[in-house]
Structures are given as C-alpha cells and as structure tokens.
Amino acid sequence: MSEGVTDRLEDLAPSEQSLVGYLFWLSRPRFWFYLAGPVVVGVVYAADSPAEFFTPLTVALFLYFLIPANVFLYGVNDIFDRDVDEHNPKKSEEGKEVQYRGDGIVVMLIYLLTALGTLFAFFLPLEGIYVLALFYALGTEYSAPPLRLKTTPFLDSLSNGLYILPGVVAYLAVAREFPPLLAVAGGWLWTMAMHTFSAVPDIDPDRAAGIQTTATFLGERGALAYCGLCWLAAAVLMALVHPFLGAVFAVYPVFVVGIRAADVAIDRAYWWFPILNTVAGMVLTMGAIWGLLYG
C-alpha cells in the first residue's frame, strides 16, 4: 500500500526530463528534511516565545535548507561521483535517484544556489557565519578533491556532522549564542551513524568502483554495530542535556537492533529511515514547544 501511495505522489512530481524536474529529483526529496528538520529543531529550542518561531530569517533558513541547500549538497556529490554511480543500483534506470547528466546549466545553478546561502551572513552573528562556512566546506570536500572525504573510512562518517550544522545556524540566528556543546556533540554522533547506515546499501557498488568508506571497511555487520554504538553514545550525551532528548535518541540504537533481530534487508530498511527521522524530529519539536508553553 505504501509503495502505491509513493508511486502516486511521484506521478505528481515534475518529470526528470525537464530542468526543473531534474533539479527536483537531484535534490533527493525523500531526504529534504535531513537538512531542514534540524533548522526547525534549532529554532524551537532557541526561542523564548512562539513569536520567534516564524520570523523572516527563520522562515528563509527553513526554505533554503529544504531545497536549495539539498541541490547544492547532492549536486556536488553527483558531479564528482559520475564514475562511481555507474555501479550504483540506486542510480540505474529502475533506481530511485537520477543520474547526473553533465549539463552546464545544472552546474551553474548549483553554484548560484550555493551563493544564495551566503546572503545569510548579513543576518547571522559571527559564530553563525563560521558554522555556515563549515557546512559549505564539508559539503564540498565530502565529494570534491583534494580531500574527497567520502573515500576515507571514518572521515566520511565524521564529516557528515554537516547535517547538524543547519540546526546550529538556526539556533544561533534566534538565540545569538551557541546551543549546548553536549547537544551539538550528540547531534554530530547521530549524523555520523546516519551517514554510515545510508552507506551500507552501497557497499557492493562502492567496492566495485574501488571506493573505500566506513561501510566497505567494516562490512555490513560491522557497520551496523558502528551505527548502533554511535547512536547509543548520542543518546547518552543527549540525556545529559535533558532526559527527554536522551529518550528520543535512544530509539535509534533500538532501531538497529530491531532490524537485525527481524533479519530485515538493509536495502529495505534504508528507505524507512526518512520516516523514522521525520517522526523523531516531530517529537523533538513538539517537546520543545510543550516545554516553552507549559514548562
């Protein structure tokens, strides 16, 4: 039933044959909230009143990290992964992601969307500018030379802390100060595990392309154990900030144990992950709102 609903929604989306449709699918709609979700969480935990939820700056940050930032992030990835993606079943004609087609206009738009985000520097405190710059640096060097961090085991995982940075930027935009460092560390560990978990289905195509990642280095079983440990550590750090946060993040190591115990194929569980993240983000957001209104 869920696949039928997904197919109907995909029928409503623009065709990848058009420029708009191609950019839409290149941005990975299933994963939009991986960047935009932390913005929402950052805003509600930084706010002193509901009036701060919806300001021109917070709305602009959400909209930017919802689509343009995803075009930047996945566009850079696709540009420098053309050879690797030839072996990736997710990029096949029957796959769920479009293949990069080497269009000069697409490259220009990726640069323009990156430049668009730099305009936030005029509205952020100095610390926010540094964090935004770090997001762009990691987002670029994850895929691009000279560092190409995605080809070095553990550095590929570590660099994916970039997914928590939109939330830090949003927090700084509202509170004008850093969020608790334990929360940032916990979020970073969460994204490290999220990255490695998403790389497990790519183990075979990455090995075929000669790419070394944390997942190819550890193998499926070792990579899942690594994810479980990172998520467990994230839950512990978050619990030190507040027990509610720890409880929400504790769902992730349980998720890993559950799919292993039920012998669920990772290729299948991978596509459930956006749903888990969306629900967890919703719970975190509602918890912050409840605390603000009734705490």
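## Asn 70 and its surroundings

In this predicted model, a polar atom of the Asn 70 side chain lies 3.2 Å from the backbone oxygen of Phe 65. A second backbone oxygen, that of Leu 66, is found 2.8 Å from a polar atom of the same side chain. Asn 70 belongs to helix H5, which spans residues 68–80, whereas Phe 65 and Leu 66 fall within the range of helix H4 (56–66).

Asn 70 is buried, its relative accessibility being 0%. When residues up to four places away in sequence are set aside, Asn 70 touches Ser 27, Phe 31, Trp 32, Leu 35, Phe 65 and Gly 75. The chain also brings Pro 29 into this region: its C-alpha atom is separated from that of Asn 70 by 8.7 Å, although the two residues are 41 apart along the chain.

## Overall architecture

The secondary structure consists of 17 helices and zero strands. The protein has 295 residues, and 51% of them count as buried. Its accessible surface comes to about 14400 Å², with 68% of that area belonging to carbon and sulfur atoms.

Contacts that span long stretches of sequence are well represented. Among those between residues at least 6 apart in sequence, 73% join residues at least 24 apart.

## Nonpolar core

In soluble globular proteins, nonpolar side chains tend to be buried together. Here the largest nonpolar core has 84 residues. Those with the most contacts inside this core are Leu 61, Phe 65, Phe 135, Phe 197, Trp 231 and Phe 273. Phe 65 is thus listed here as well as among the residues touched by Asn 70. Helix H13 supplies the largest share of the core, with 11 residues.

Phe 273 illustrates how such a residue is surrounded. Leaving aside neighbours within four places in sequence, Phe 273 is in contact with Tyr 34, Met 194, Phe 197, Trp 231, Tyr 252 and Phe 255.

## Aromatic pairs and cluster

The structure holds 27 aromatic pairs. In one of them, Tyr 34 and Tyr 163 meet edge-to-face, with 6.4 Å from centre to centre and 80° between the planes. Tyr 34 lies in helix H3 (residues 33–46) and Tyr 163 in the loop between helix H9 (155–159) and helix H10 (165–175), so this pair ties together parts that are 129 residues apart in sequence. Both tyrosines are buried.

Phe 154 and Tyr 226 form an edge-to-face pair because their ring planes stand at 65°, with the centres 5.7 Å apart. Phe 154 lies in the loop between helix H8 (126–141) and H9, and Tyr 226 in helix H13 (residues 214–241), so the pair ties together parts that are 72 residues apart in sequence. The two partners differ in exposure: Phe 154 is partly exposed, with a relative accessible area of 35%, while Tyr 226 is buried at 14%.

One aromatic cluster is formed by Trp 190, Phe 197, Trp 231, Phe 249, Tyr 252, Phe 255 and Phe 273. Of its members, Phe 197, Trp 231 and Phe 273 are also listed among the residues with the most contacts inside the largest nonpolar core.

## Helix H10

H10 is mostly covered, with 10 of its 11 residues buried. The buried residues are Leu 165, Pro 166, Gly 167, Val 168, Val 169, Ala 170, Tyr 171, Leu 172, Ala 173 and Val 174.

These buried residues pack against H3, helix H4 (56–66), H8 and helix H11 (181–199). Just after H10, Arg 176 takes a positive phi of about 60°.

## Cysteines

A disulfide is a covalent bond between the sulfur atoms of two cysteines. The model has zero disulfides. The cysteine sulfur closest to that of Cys 227 belongs to Cys 230 and is 6.9 Å away, which is too far for a bond, given that a disulfide requires the sulfur atoms to lie within 2.5 Å. Cys 230 is likewise in no disulfide, its nearest cysteine sulfur being that of Cys 227.

Both residues are covered: Cys 227 is buried at 0% relative accessibility, and Cys 230 is buried with a relative accessible area of 8%.

Terms used. Residues are numbered from 1 along each chain as its sequence is written. This is a predicted model: local features need pLDDT of at least 70, side-chain atom pairs count only at pLDDT 80 or more; totals for chains, interfaces and linings use all residues. Side-chain values use heavy atoms; hydrogens and water are left out. Buried means under 20% relative accessible area, exposed over 50%, partly exposed in between (1.4 Å probe, protein chains only). Helices (H or I, at least four residues) and strands (E, at least two) are DSSP runs, numbered from the N terminus. A polar contact is a pair of N or O atoms within 3.5 Å; within protein, one must be able to donate a hydrogen and the other to accept it, and residues adjacent in sequence count only if both atoms are side-chain atoms. Contact means heavy atoms within 4.5 Å. Rings of Phe, Tyr and Trp (its six-membered ring) pair if their centres lie within 6.5 Å; planes under 30 degrees apart count as stacked, over 60 as edge-to-face and the rest as tilted. A nonpolar core is a set of buried Ala, Val, Leu, Ile, Met, Phe, Trp, Tyr and Cys residues joined through side-chain atoms within 4.5 Å. Accessible areas come from the Shrake-Rupley method with a 1.4 Å probe; for residues, only the protein chains shown count as cover.
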